[in-house]
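User: I am in my first year of study and would like a close look at a single part of this protein. Please describe that part in a connected way and then place it within the whole.

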Amino acid sequence: MNPAASQNYLKMRVLTATPEQLQLMLFDGAIRFAEQARIGLEKKEFDTSYAMISKVQKILTELTCGLKHEIAPDLCKKLAGLYNYAYRRLIDANLQHDIPAINDAIDILKYQRETWALLMDKLGKTKAAAAATRLDMPAPDGRMEASISMQG
């Protein structure tokens, strides 16, 4: 796919995504950039690792700012602490060229992404069940059942 088409696809994907999907996309981007930063550190390409770590830090800042403390203060406090820890590990990775530090941040991001994906799956099932109960379907009658043949 050419770069322009790829950018257009990504733009449309972001513009049509639900807030839940956008959160998942943030985790995906953070993980991808962090892994690229780790490769940069391993190859001693510090300009690359710096640029990628900076992107991950911006995403972590966005995740932290998006927390809704008024809705779930205890959960948000814990998530803010977790994001802050990952952010500090990225600083360590950047300043000290510390691969274990970036691995810590990647592990946290992967765990959070997996947790978010499970939550989205559960939310999707809950929404589907709620929608199904609102459908106004007629109860099956004898004619319906007689017209359905299990033998093909």
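Analyst:
**Trp116 and its surroundings**

Trp116 lies in helix 5. The model in which this residue is described is a predicted one. Is Trp116 buried, exposed or partly exposed? Its relative accessible area is 23%, and because buried means under 20% and exposed means over 50%, Trp116 counts as partly exposed.

Which residues does Trp116 touch, once its neighbours within four places in sequence are left aside? The contacts are with Glu20, Gln23, Leu24 and Phe27. One of these partners, Glu20, is 96 residues away from Trp116 in sequence, yet the two C-alpha atoms are 8.4 Å apart in space. Two other partners, Leu24 and Phe27, are listed among the buried residues of helix 2.

Trp116 also belongs to a pocket. The largest pocket holds about 640 Å³ of space. Its lining is formed by 21 residues, and those closest to the centre are Gln23, Gly66, Leu67, Leu79 and Trp116. Two or more lining residues come from each of helix 2 (19-42), helix 3, helix 4 (73-96) and helix 5 (99-134). The greatest contribution is that of helix 2, which supplies six residues. By type, the lining consists of 14 nonpolar, four polar and three charged residues.

**The helices that share the lining**

Helix 2 may be considered next. How does the span of helix 2 agree with what its 24 residues should give? At 1.5 Å a residue the expected span is 34 Å, and the end C-alpha atoms are 35 Å apart, which agrees. Its buried residues include, besides the two already named, Met25, Gly29, Ala30, Ile31, Phe33 and Ala34. Further along, Ala37, Gly40 and Leu41 are buried in helix 2 as well.

Just after helix 2 comes Lys44, a residue of the loop between helix 2 and helix 3. Most residues other than glycine have a negative phi. Lys44 is not a glycine, yet its phi is positive, at about 60°. With a relative accessibility of 61%, Lys44 counts as exposed, because the cut-off for that class is over 50%.

Helix 3 covers residues 46-65, and its 20 residues should span 28 Å at 1.5 Å a residue; the end C-alpha atoms are indeed 28 Å apart. Among its buried residues are Ser49, Met52, Ile53, Ser54 and Val56, and the list also includes Gln57, Ile59, Leu60 and Leu63. Gln57 deserves a separate remark. At 11% relative accessibility, Gln57 counts as buried. If residues up to four places away in sequence are not counted, Gln57 touches Tyr87, Leu90 and Ile91. Of these, Leu90 is itself one of the buried residues of helix 4.

Helix 4 has 24 residues and reaches 34 Å from its first C-alpha to its last, close to the 34 Å expected at 1.5 Å a residue. The residues buried in helix 4 include Cys76, Leu79, Ala80, Tyr83 and Ala86, together with Arg89, Ala93 and Asn94. Leu79 has already appeared as one of the residues closest to the centre of the largest pocket. Lys77, also found in helix 4, is exposed, with a relative accessible area of 64%. Ten residues separate Lys77 from Leu67 in sequence, and their C-alpha atoms lie 8.8 Å apart in space.

Helix 4 is followed by His97, which is placed in the loop between helix 4 and helix 5. His97 has a positive phi of about 55° although it is not a glycine. At 38% relative accessibility, His97 counts as partly exposed.

**The part within the whole**

The protein has six helices and zero strands, so that, following the chain from the N terminus, the order of elements reads α-α-α-α-α-α. Of its 152 residues, 26% are buried. The accessible surface comes to about 10,900 Å², and carbon and sulfur atoms account for 59% of that surface. Where contacts join residues with a separation of 6 or more, 63% of them link residues 24 or more positions apart. Trp116 and Glu20 are one pair in contact, with their positions 96 residues apart in the sequence.

Terms used: Residues are numbered from 1 along each chain as its sequence is written. This is a predicted model: local features need pLDDT of at least 70, side-chain atom pairs count only at pLDDT 80 or more; totals for chains, interfaces and linings use all residues. Side-chain values use heavy atoms; hydrogens and water are left out. Helices (H or I, at least four residues) and strands (E, at least two) are DSSP runs, numbered from the N terminus. Buried means under 20% relative accessible area, exposed over 50%, partly exposed in between (1.4 Å probe, protein chains only). Contact means heavy atoms within 4.5 Å. Accessible areas come from the Shrake-Rupley method with a 1.4 Å probe; for residues, only the protein chains shown count as cover. The expected span of a helix is 1.5 Å times one less than its number of residues. On a 1 Å grid over the protein atoms alone, a cavity is a set of points where a 1.4 Å probe fits but cannot get out, and a pocket is an open set with protein on both sides within 12 Å along at least five of seven lines; lining residues have an atom within 4 Å of a point. Grid points are joined across faces, edges and corners, and a volume is the space filled by probe spheres set on the points. Ala, Val, Leu, Ile, Met, Phe, Trp, Tyr, Cys and Pro count as nonpolar, Asp, Glu, Lys and Arg as charged, and the others, Gly among them, as polar.
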